[in-house]
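Subject: Structure for you to look at

Dear colleague,

I am handing over the structure we spoke about, and my notes on it follow below. Please read them with the sequence and the 3D view open side by side.

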Amino acid sequence: MMRQYELVERVKRYNPSADEALLNRAYVYAMMAHGNQKRASGDLFFGHPLEVAAILTDLKLDDATIAAAVLHDTVEDTQATLEEINKTFGPQIGALVDGLTKIKRLDLVSKRAAQGENFRKLLLAVADDVRVLLVKLADRLHNMRTLQFMPPEKRKRIAEETLDIYAPLAGRMGIQEMREELEELSFQNLDPEAYEAIRRHLNELSTKSEKLVEEIEQTLTTKLRAQGIEATVTGRQKRPYSIWRKMERKSVSFEQLSDIFAFRIIVGTVDECYRALGIVHTSWPMVPGRYKDYISTPKQNDYRSIHTTVIGPGSQRVELQIRTWDMDEVAEYGIAAHALYKEGVNDNSRLATESRAYQWLRRTIDLLAEGDNPEEFLEHTKLELFHDQVFCFTPKGRLIALPRGATPIDFAYAVHTDVGNTAVGCKINGRMSPLLTELQNGDEVEIIRAEGQTPPAAWESLVVTGKARASIRRATRAAVRRQYTGLGRQILERAFERAGRPFSDEKLKGALPRLARASVEDVLAAVGRGEMFSGDVVRAVYPDYLDERRAGSDGRGAGQPDGAARKGAGENTGGIPIRGLNTDVPIRFAPEGGAVPGDRIVGIMTPGEGVTIYPIQSPSLAAFDNEPDRWVDVRWDLESGSAQRFPARIKLQSINEPGSLAQITQVIADHDGNIDNVSMKRRTHDFTDITIDLTVWDLKHLNAIIGELRAKRVVSRVDRVTG
Ligand code: MN
């Protein structure tokens, strides 16, 4: 296992100003955190993050990345917490470790839900810092190197995932060495037989061709030097996976495969690249269709090189890559070769570093997004779409993709309509949060539910997903309908009771044709909404029923027995129970001074709006004298100690003198009355009319306030206003 000083030394070799203390701290912290944990190989687990860090030192990455690599498994696999990492190592490393923890969670998701096809995009979304991806790739590389300790089935799955996702990702990030190694290791695990066969062939071949490689290297070097170009020429056999892929692609056998050698000519300048190309092309015949100039047209991942194939010495097909040292570094290390984070190491201006880091990140995301073939273009398009999305998780790890700006309410509806409808709160990453929080990539969202809940109609305009909006509309509509149906049932039960006739859904069903309604529920809702009168329903069910008051001298038609409604008002029997405003009955209180508990009350049905509650003494009621069908029996039904307040209105006449209004409002405040609104009108030089809307617990409370006001010298008169 790598020692502490070895880690520091590796970093110092390419970054002499590395933060030694930081690296030491990370080493010790991770070592303590992982303790005696073992890997499948039986080795201490701690060796794994160290190897990952070592891979990244080969890419010459900055201290923060190396430290994050050492710490990358602590949050998910040990008792360590992100808070602690943040505190000990600062927010930058905290963010990197957080990103890695989230990706680890993604890993679990992809395993469980087979959502692999989107996995790479997911990865990009969650990693808001490219360094997270670099650590992840190194992590995967080390896991692949030690895959033999895993059970065969697991091995296959991991290898597949590596070949599908991580190897191409490494390629797109320009880290070709890593891509190749990931591919070879995957291939070896996925198809050991094919791998072995090709390797055997290559071995046979290489004993024969070892000389050939040397010879070609020599010939090339000499020829170039003769033209004044100092070049480093290296040749090698291609690797089994790339040969196998070529065999697959071209449907050829190994024997037919001719170009299994690749040579690299590295020179000093761009100019020398083209001169070297000319020398090669004039020395050996070139194979048509194989020439590509990625220097004049670099690949999207910044890869630059000239590719060509010639029939070289010994009539052997030879693949050539010609490039400068700079280009070679990019080809090897890809985006890791961009010195950005390295520059930032000694930069005191954090802002400058961050904005540069951001630019680099943007560029990298672009570079990962864009491609040079149609397939990649398609992917690019998808990626664009996907920039508008956030990916979140249920506590069980199910992935929920949502549009950007989505809230936990959207999340809840995306999980299930019932979850949305009954959502009352949420935890985001374990913390209680408002339901209107904007969700971020990788958030774990737990919805807190309460049965029998109806979503507030206001949610409809606050959510961003169509599904949530439609579900909320449906649920609120259903809730409103439920309210009207409930009210209608209460009205009807009461009406039948008064008529002395039994009421049941069955009986009502029989009368549906006469009522021209399709269902019992329709009738109930219509009565609740005031579109159908209870008296009509009674007569439809019992055609022989004759309302004795029908022939009465008051000239009113049959229907709601209004006289009884007035008489019964305030009694605690019969009538529709009124439990305040937030109940399952669609009611409201008269706007101009409503009723408060203790008042005798009646309800007036307004079609389409439900029932308005008036105190029995309200002068407004006179307007409904000729519409007996609109009168509804109601009664208070409040739990004792209910914390509800009810609106009331009072009118005062006060003497005009400084401080009189203050005295009045003080009285109300002293009595725990809430003032909603005050309006004043100067009546004469001496008096002002004041109207106060306030909320009180009940009639007793209201009367106490009125009594106290009357006792004030500045108040000449107080009256309650009732509708
Ligand atoms: Mn790991």
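Ile604 has Trp631 of strand β15 as its bridge partner, in what is, please keep in mind, a predicted model. Strand β13, which covers residues 601–606, is joined to β15 by 2 bridges, and the two strands run antiparallel. Both belong to an open sheet of 4 strands with mixed pairing, whose order is β12-β14-β13-β15. At the edges of this sheet are β12 (587–589) and β15 (631–632), each of which pairs on one side only. As general background, the strands of a sheet pair through backbone hydrogen bonds, either parallel or antiparallel.

A second place to look at is Arg489, which is found in helix α20, a helix that spans residues 466–499. Arg489 counts as partly exposed because its relative accessibility is 27%, which falls between the limits of 20% and 50%. Leaving aside residues up to four places away in sequence, Arg489 touches Phe503, Asp505 and Leu524. Of these contacts, Phe503 is 14 residues from Arg489 in sequence, and the C-alpha atoms of the two are 10.0 Å apart in space.

Lastly, there is a nonpolar patch on the surface, formed by Val270, Tyr274, Met286 and Tyr291, which together have about 320 Å² of accessible area. Within this patch, Tyr291 sits in the loop that lies between α13 (270–283) and β3 (292–293), and because its relative accessibility is 35%, Tyr291 counts as partly exposed.

With best wishes

Technical notes:
Residues are numbered from 1 along each chain as its sequence is written. This is a predicted model: local features need pLDDT of at least 70, side-chain atom pairs count only at pLDDT 80 or more; totals for chains, interfaces and linings use all residues. Side-chain values use heavy atoms; hydrogens and water are left out. Buried means under 20% relative accessible area, exposed over 50%, partly exposed in between (1.4 Å probe, protein chains only). Contact means heavy atoms within 4.5 Å. Two strands pair if DSSP finds at least two bridges between them. Patches are made of residues with over 30% relative accessible area and no salt bridge: like charges are joined within 9 Å, nonpolar side chains (Val, Leu, Ile, Met, Phe, Trp, Tyr) within 5 Å. Accessible areas come from the Shrake-Rupley method with a 1.4 Å probe; for residues, only the protein chains shown count as cover. A salt bridge is a side-chain nitrogen of Lys or Arg within 4 Å of a carboxyl oxygen of Asp or Glu.
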